[in-house]
Amino acid sequence: LIDHDRIHNCGGPYPYVSPLSNGYTSHGVYAEGYYTTITNNYIYHESGRGVQLRGSHHAVVEHNVIDDNGAGIVIGNLGSNGSEVAYNIITNSTRSINGCCNVFGVYSWWGSEAAGSENTVHNNCLYGNADGNVDTGGGGFTVSDNVIADPRYVEPATRDYRLQSSSPCLGYGPDTAQP
């Protein structure tokens, strides 16, 4: 269980070697295993991905703000299956991984290996992710009922991720006060 935390500023760029060694080596949360729950967190300014589900089975990633990362959430290889990504606010994945690739809000990829199966991405608020908000090209997950809209954070520059009263994303993100 990873709940009600601020996870930020992990990692840094290293020289680009290849797409599989992309120069950014740290992610906010790297989940591998069974029944991981990641809820009510603020995951921001990571050099790599906000959340990486690699070989993660039946994980729950809900009610998080995932902002200003190399990418938002990636569903990786090692047979990730049965995981649910819902009610998150995933924004501003804009820092290309050393000019490489995959600056999406949510996507699946890991070289030539399968990205898993029966993972769901639903009821999230996505906005401003450089390569697109969701990329299903790598397979391994289904998508439904997501909202593409500016969440209208109170002051994102100072990491005040409360939502303005006019936000179209009310009800998404952490369900209690900021930690």
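**Exercise 1.** Find the bridge partner of Tyr42 in β8, then work outwards to the sheet around it.

*Solution.* In this predicted model, start at Tyr42: its bridge partner in β8 is Val65. Next, look at the two strands involved. Strand β5 covers residues 42-44 and strand β8 covers residues 65-67; they run parallel and are joined by three bridges. Now step back to the sheet: six strands form an open sheet with parallel pairing, in the order β2-β5-β8-β11-β14-β17. Finally, check its ends. β2 (6-8) and β17 (147-148) each have a single partner strand, so one side of each has no neighbour in the sheet.

**Exercise 2.** Which strands stand at the edges of the sheet that has the order β3-β6-β9-β12-β15?

*Solution.* Begin with the order: these five strands make an open sheet, and their pairing is parallel. The edge strands are β3 (29-34) and β15 (132-135); each has a single partner strand, so one side of each is left without a neighbour in the sheet. On average, neighbouring strands here are turned by 10° against each other, direction ignored.

**Exercise 3.** Follow the pairing from β3 through β6 and β9 to β12, and decide how many residues of β6 are buried.

*Solution.* First, β3 and β6 run parallel, joined by five bridges; Gly33 has Ser56 in β6 as its bridge partner. Second, four bridges pair β6 with β9 in the parallel sense, and Leu53 is matched with Ile75 in β9. Third, β9 (residues 71-75) and β12 (residues 104-108) run parallel with three bridges between them; here the bridge partner of Ile73 is Val106. Last, return to β6 (residues 49-57): nine of its nine residues are buried, so the strand is largely enclosed by the rest of the structure.

Technical notes. Residues numbered from 1 in each chain as written. Predicted model: local features only at pLDDT ≥ 70, side-chain atom pairs only at ≥ 80, totals over all residues. Heavy atoms only, no water. Pairing = 2+ DSSP bridges. Axes fitted to C-alpha atoms, helices over the stretch in contact; angles between N-to-C directions. Buried < 20%, exposed > 50% of the residue type's maximum accessible area, 1.4 Å probe, protein only.
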